[in-house]
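Please read the paragraphs that follow with the sequence and the model side by side. They deal with the ligands and with the pockets of the protein.

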Amino acid sequence: MLLAIDCGNTNTVFSVWDGESFLATWRIATDHKRTADEYFVWLSSLMALTKVDVQVTEAIISSTVPRVVFNLRVLCDRYFDCRPLVVGKPECRLPVTPRVDQGTTVGPDRLVNTVAGHDRYGGDLIVVDFGTATTFDVVDSDGAYVGGVIAPGVNLSLEALHMAAAALPHIDIAKPPRVIGTNTVACMQSGVYWGYVGLIEGIVREIRRERPRPVKVIATGGLAGLFAQGTDVFHSIEDDLTMHGLVLINAYNKETV
Ligand SMILES: Nc1ncnc2c1ncn2[C@@H]1O[C@H](COP(=O)(O)OP(=O)(O)O)[C@@H](O)[C@H]1O
Ligand SMILES: CC(C)(COP(=O)(O)O)[C@@H](O)C(=O)NCCC(=O)O
Ligand SMILES: [K+]
């Protein structure tokens, strides 16, 4: 079984793939100080709770936080006796090379989303991923990542309002029923929600103007569904896109050994 690890700046997600489906998915806050032993205590107790016998034999990691990779590697080596593939490292091959400025490092999550999006929808795509940052990954017809956009994440925008203005509380994102808020919380939610809908639609429109062919837009990440309620710009929402990409990249690297 494959242990696929998607480490974002906020959360780290572990999924077990048995060759046909994901048996389980677990989420933990990203913390670079967490040791391999701590990961394993947490993981093994969750594994014990699943009804199937989880036998990890291989692992793949995508991490937007370089510092956590060391401990995740130790976890795989010490407890699962395997050497993980790490997306973005030279030994991890991708089906199509990204076409970006020389010397640029593309976030591994974006490379993974590109592979997964192209597998499911073919070329000329924008993948929107709502994470700590909201990323727009532009995929060419041959499946290459050709660039994109990095915007402040939804929760980051809410947090910034709260941090910078003494009278603005910490609030959670929600879709307000009306644009005109009649209390502070509703006004803030409106600003971030409808402002974000405008950001998504505007960026997609401008990307389309720069592309030679029609482009499909797919969205992933926890908040994708919430924004789909406010715009019809998304062709579809793919909850497991990053995990699907990790499975594909792992298989590709085994095939091409
Ligand atoms: N389903 C959800 N509903 C509400 N908030 C969510 C959901 N999924 C994620 N979030 C929030 O979005 C932010 C980024 O989420 P996450 O996808 O974990 O980011 P990253 O991949 O960068 O770690 C976090 O603050 C998280 O609490
Ligand atoms: C843009 C990101 C911070 C998004 O990370 P996330 O929100 O998933 O934690 C990450 O993809 C990253 O660090 N990228 C490096 C720069 C680039 O992709 O161009
Ligand atoms: K992201």
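**Ligands and pockets**

In this predicted model, an oxygen atom of ligand 1 has a backbone N or O atom of Asn9 at a distance of 3.5 Å. A polar backbone atom of Asn11 lies 2.7 Å from an oxygen atom of ligand 1, and a polar atom in the side chain of Thr132 is found 2.5 Å from an oxygen atom of this ligand. On its own, ligand 1 has 550 Å² of accessible area, and the protein covers 62% of it.

The shell that surrounds ligand 1 consists of Gly8, Asn9, Thr10, Asn11, Arg27, Phe130, Gly131, Thr132, Asn155, Gly222 and Leu223. Sorted by class, the residues of this shell are two nonpolar, eight polar and one charged, where the polar class includes Gly.

The second ligand can be described in a similar order. An N or O atom in the side chain of Asp109 is 2.7 Å from an oxygen atom of ligand 2, while a polar side-chain atom of Thr64 lies 3.3 Å from an oxygen atom of ligand 2. The backbone also takes part, with an N or O atom of Ala133 placed 2.9 Å from an oxygen atom of ligand 2. Of the 470 Å² that ligand 2 exposes when taken alone, the protein buries 75%.

Around ligand 2 there are 13 residues, and those that come nearest are Asn9, Gly107, Asp109, Arg110 and Ala133. Asn9 therefore belongs to the surroundings of both ligands, given that a residue is counted as near a molecule when one of its heavy atoms lies within 4 Å of it. By class, the shell around ligand 2 comprises three nonpolar, eight polar and two charged residues.

Where do the ligands sit with respect to the pockets of the protein? Ligand 1 sits in the largest pocket, and ligand 2 sits in the largest pocket as well. Helix H3 and strand S7 are the elements that give two or more residues to the shell around ligand 2.

The largest pocket has a volume of about 900 Å³ and a lining of 35 residues, among which Asp6, Asp129, Phe130, Gly131 and Gly221 lie nearest its centre. Phe130 and Gly131 are also found among the residues around ligand 1. At least two lining residues come from each of the strands S1 (2-7), S2 (11-17), S3 (22-29), S6 (125-130) and S7 (133-139), and likewise from each of the helices H3 (108-121), H4 (154-164) and H7 (241-255). In terms of class, this lining is made up of eleven nonpolar, 17 polar and seven charged residues.

The second largest pocket has a volume of about 410 Å³. Its lining contains 19 residues, and Val87, Gly88, Thr105, Val106 and Pro108 are the closest to its centre. Helix H2 (69-80) and helix H3 each supply at least two residues of this lining, and H3 is also listed among the elements that do so for the largest pocket. The residues that line the second largest pocket divide into eleven nonpolar, seven polar and one charged.

Note on methods: Residues are numbered from 1 along each chain as its sequence is written. Chains are lettered from A and ligands numbered from 1 in the order in which they are written. This is a predicted model: local features need pLDDT of at least 70, side-chain atom pairs count only at pLDDT 80 or more; totals for chains, interfaces and linings use all residues. Side-chain values use heavy atoms; hydrogens and water are left out. A polar contact is a pair of N or O atoms within 3.5 Å; within protein, one must be able to donate a hydrogen and the other to accept it, and residues adjacent in sequence count only if both atoms are side-chain atoms. Accessible areas come from the Shrake-Rupley method with a 1.4 Å probe; for residues, only the protein chains shown count as cover. On a 1 Å grid over the protein atoms alone, a cavity is a set of points where a 1.4 Å probe fits but cannot get out, and a pocket is an open set with protein on both sides within 12 Å along at least five of seven lines; lining residues have an atom within 4 Å of a point. A molecule sits in a cavity or pocket if more than half of its atoms lie within 2 Å of its grid points. Grid points are joined across faces, edges and corners, and a volume is the space filled by probe spheres set on the points. Helices (H or I, at least four residues) and strands (E, at least two) are DSSP runs, numbered from the N terminus.
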